[in-house]
Amino acid sequence: MELTTSYQYKAHNEASYNSLAAYASTIPATVTLHPGLLTIVVSENAAKEIGEFIDDNGLDFHINPIEVDDDNLRDVIDSETTDADTLRKIIYRMMEEKRAMAETHKSVLEDITKQRDSAKENRDMYQKWYYETKQGADRVKSQVKAIAVLVNSIFPED
């Protein structure tokens, strides 16, 4: 689905609003009417046609594209005149950010898991070395004790 920029037409008077609203409802475009705010939001594919109608009939409007970026994201979402196409654009953007974040989290989790597994291997290796060394030391101690018993039995101290 191709996402386009919507345009907000804020009428300076009710006659201009009513005239454009009547015309906009007849064209094949996404049109959102806000009569209480004298505002009409139209998808980009009809912006040229709407602009020509405004110029041909001398209507009085303030025209703004509804741009979505990081600086105004909250304002666009909170605006009561934001149209469905713009909100859809924001939702797709947020879904993409969420997907990218999930991939990053997965990658970080994999790295942490590898580090944990490596630490377990190192721990197991050091434990093995410790027990082997301890067994060797215990064997030497018992041999020294055995030699001491032999020496004491051959050469008593009394």
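Here are four short exercises on this predicted model, each with a worked solution.

Before you start: the model is predicted, so local features need pLDDT of at least 70 and side-chain atom pairs count only at pLDDT 80 or more, while totals for chains, interfaces and linings use all residues. Residues are numbered from 1 along each chain as its sequence is written, and side-chain values use heavy atoms, with hydrogens and water left out.

**Exercise 1. Work out how the axes of helix H1 and helix H2 are placed relative to each other.**

Step 1: Find the two helices. Helices (H or I, at least four residues) and strands (E, at least two) are DSSP runs, numbered from the N terminus. H1 covers residues 14–24 and H2 covers residues 47–57.

Step 2: Look at the axes, which are lines fitted to C-alpha atoms, for helices over the stretch in contact, with angles from 0 to 180 degrees between N-to-C directions. The two axes come within 11 Å and cross at roughly 140 degrees.

Step 3: Classify the angle. Under 35 degrees counts as roughly parallel, over 145 as roughly antiparallel, 65 to 115 as roughly perpendicular and the rest as oblique. H1 and H2 are therefore oblique to each other.

Step 4: List the residues in contact (heavy atoms within 4.5 Å). H1 brings Ser19, Leu20, Tyr23 and Ala24, and H2 brings Glu49, Ile50, Phe53 and Ile54.

**Exercise 2. Check the span of helix H4 against its number of residues, then find its buried residues.**

Step 1: The expected span is 1.5 Å times one less than the number of residues. For the 71 residues of H4 (residues 84–154), that gives 105 Å.

Step 2: Compare with the model. The end C-alpha atoms of H4 are 103 Å apart, which agrees.

Step 3: Recall that buried means under 20% relative accessible area, exposed over 50% and partly exposed in between (1.4 Å probe, protein chains only). The buried residues of H4 are Asp85, Thr86 and Ile90.

Step 4: See what covers these buried residues. The cover includes strand E1 (6–11), strand E3 (39–43), strand E4 (61–66) and helix H3 (73–78).

**Exercise 3. Decide whether Val41 and Ile66 are buried or exposed, and find their contacts.**

Step 1: Place them. Val41 is in strand E3, and Ile66 is in strand E4.

Step 2: Read the accessibility. Val41 has 0% and counts as buried; Ile66 is buried too, at 11%.

Step 3: Leaving out residues up to four places away in sequence, look at the contacts. Val41 touches ten residues that include Tyr7, Val31, Ile66 and Thr81. Ile66 touches residues including Thr5, Val41, Val76 and Thr86.

**Exercise 4. Describe the surroundings of Ile77 and the backbone of Leu38.**

Step 1: Ile77 sits in helix H3 and is partly exposed, with a relative accessible area of 38%.

Step 2: Ile77 touches Leu87 and Ile90, not counting residues up to four places away in sequence. The C-alpha atoms of Ile77 and Leu87 are separated by 7.0 Å, though the two residues are ten apart along the chain.

Step 3: Now turn to Leu38, in the loop between strand E2 (31–34) and E3. Its phi is near 55 degrees, a positive value in a residue other than glycine. At 21% relative accessibility, Leu38 counts as partly exposed.
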